[in-house]
Amino acid sequence: MAYKINDDCIACGACESECPVSCIASGSPTYVISEADCISCGACAGVCPTNAIVEG
């Protein structure tokens, strides 16, 4: 199941560089994860300072 970024995102960008398949991009106003490309590894969730990344 792909991860999603909720409204707690502060757009710090920590997750983007952590993603091994580069499926995270800056959106407006928060970052977004491409559900089709996410491999559900959880690397992004581990570095999120606000716990805004959750299993979808």
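Helices (H or I, at least four residues) and strands (E, at least two) in this tour are DSSP runs, numbered from the N terminus. With those labels in hand, let's walk through the structure, which is a predicted model.

**Stop 1: Cys23**

Select Cys23 to begin; this residue sits in the loop between H1 and E2. Is Cys23 buried or exposed? Cys23 is buried, with a relative accessible area of 6%. Now show its surroundings: setting aside residues up to four places away in sequence, Cys23 touches Val32, Ile33, Ser34, Asp37 and Cys38. For a distance label, draw a line from the C-alpha of Cys23 to the C-alpha of Ile39: the two are 16 residues apart in sequence and 9.0 Å apart in space.

While you are here, turn on the sulfur atoms. The cysteine sulfur closest to that of Cys23 belongs to Cys19, at 3.6 Å, which is too far for a bond. A disulfide needs the two sulfur atoms within 2.5 Å.

**Stop 2: Ser22**

Step back one place along the chain to Ser22, also found in the loop between H1 and E2. Ser22 is exposed, with a relative accessible area of 62%. Check its backbone too: phi is positive, about 50 degrees, although Ser22 is not a glycine. Most residues other than glycine have a negative phi.

**Stop 3: Ala11 and Cys12**

Next, select Ala11, in the loop between E1 and helix H1 (14-18). Here is another positive phi outside glycine, of about 55 degrees. Ala11 is partly exposed, at a relative accessible area of 35%.

Extend the selection to Cys12. How many disulfides does the model have? The count comes to 0 disulfides. Cys12 is in none, and the nearest cysteine sulfur, that of Cys48, is 6.2 Å away. Cys12 itself is partly exposed, with a relative accessible area of 45%.

**Stop 4: the cavities**

Keep Cys12 selected and add Cys9, Cys15, Cys48 and Ile53. Together, these five lie nearest the centre of the largest cavity, among its 14 lining residues. What is the volume of the largest cavity? It comes to about 80 Å³. The lining of the largest cavity is made up of 12 nonpolar and 2 polar residues, with no charged ones.

A search of the whole structure finds 2 cavities of 30 Å³ or more, so there is another one to visit by the 1.4 Å probe search. The second largest cavity holds about 60 Å³ of space. To frame it, select its lining, which includes Tyr3, Val21, Ile24 and Gly42, along with Cys19 and Cys23 from the opening stop. By class, this lining has 10 nonpolar residues, 1 polar residue and no charged residues.

**Stop 5: the nonpolar core**

Colour the largest nonpolar core, a set of 15 residues. Which of them touch the most other members? They are Ile5, Cys15, Ile24, Ile33, Cys44 and Ile53. Strand E1 (3-5) and strand E3 (31-33) are the elements that give two or more residues to this core. In soluble globular proteins, nonpolar side chains tend to be buried together.

Centre the view on Cys44. Leaving aside neighbours within four places in sequence, Cys44 is in contact with Tyr3, Cys15, Ile24, Ile33 and Ile53.

**Stop 6: Gly27 and the cis peptide**

Move on to Gly27, in the loop between E2 and E3. Gly27 is partly exposed, with a relative accessible area of 34%. Draw a C-alpha to C-alpha line from Gly27 to Gly42: they are 15 residues apart in sequence and 20 Å apart in space.

Then select Ser28 and Pro29, which are joined by a cis peptide bond with omega of about 5 degrees. Pro29 is found in the loop between strand E2 (24-26) and E3. Most peptide bonds are trans.

**Stop 7: Glu35**

Finish at Glu35, in the loop between E3 and helix H2 (43-47). Is Glu35 buried or exposed? With 55% relative accessibility, Glu35 counts as exposed, because the cut-off for that class is over 50%. Not counting residues up to four places away in sequence, Glu35 touches Ala2 and Lys4. For a last distance label, pick the C-alpha atoms of Glu35 and Glu16: they are 19 residues apart along the chain and separated by 14 Å.

Definitions and conventions:
Residues numbered from 1 in each chain as written. Predicted model: local features only at pLDDT ≥ 70, side-chain atom pairs only at ≥ 80, totals over all residues. Heavy atoms only, no water. Buried < 20%, exposed > 50% of the residue type's maximum accessible area, 1.4 Å probe, protein only. 1 Å grid on protein atoms, 1.4 Å probe; cavity = no way out; pocket = protein on both sides within 12 Å on 5 of 7 lines; lining within 4 Å. Points joined across faces, edges and corners; volume = space filled by probe spheres on them. Nonpolar A, V, L, I, M, F, W, Y, C, P; charged D, E, K, R; others polar. Core = buried A, V, L, I, M, F, W, Y, C linked by side-chain atoms within 4.5 Å. Contact = heavy atoms within 4.5 Å.
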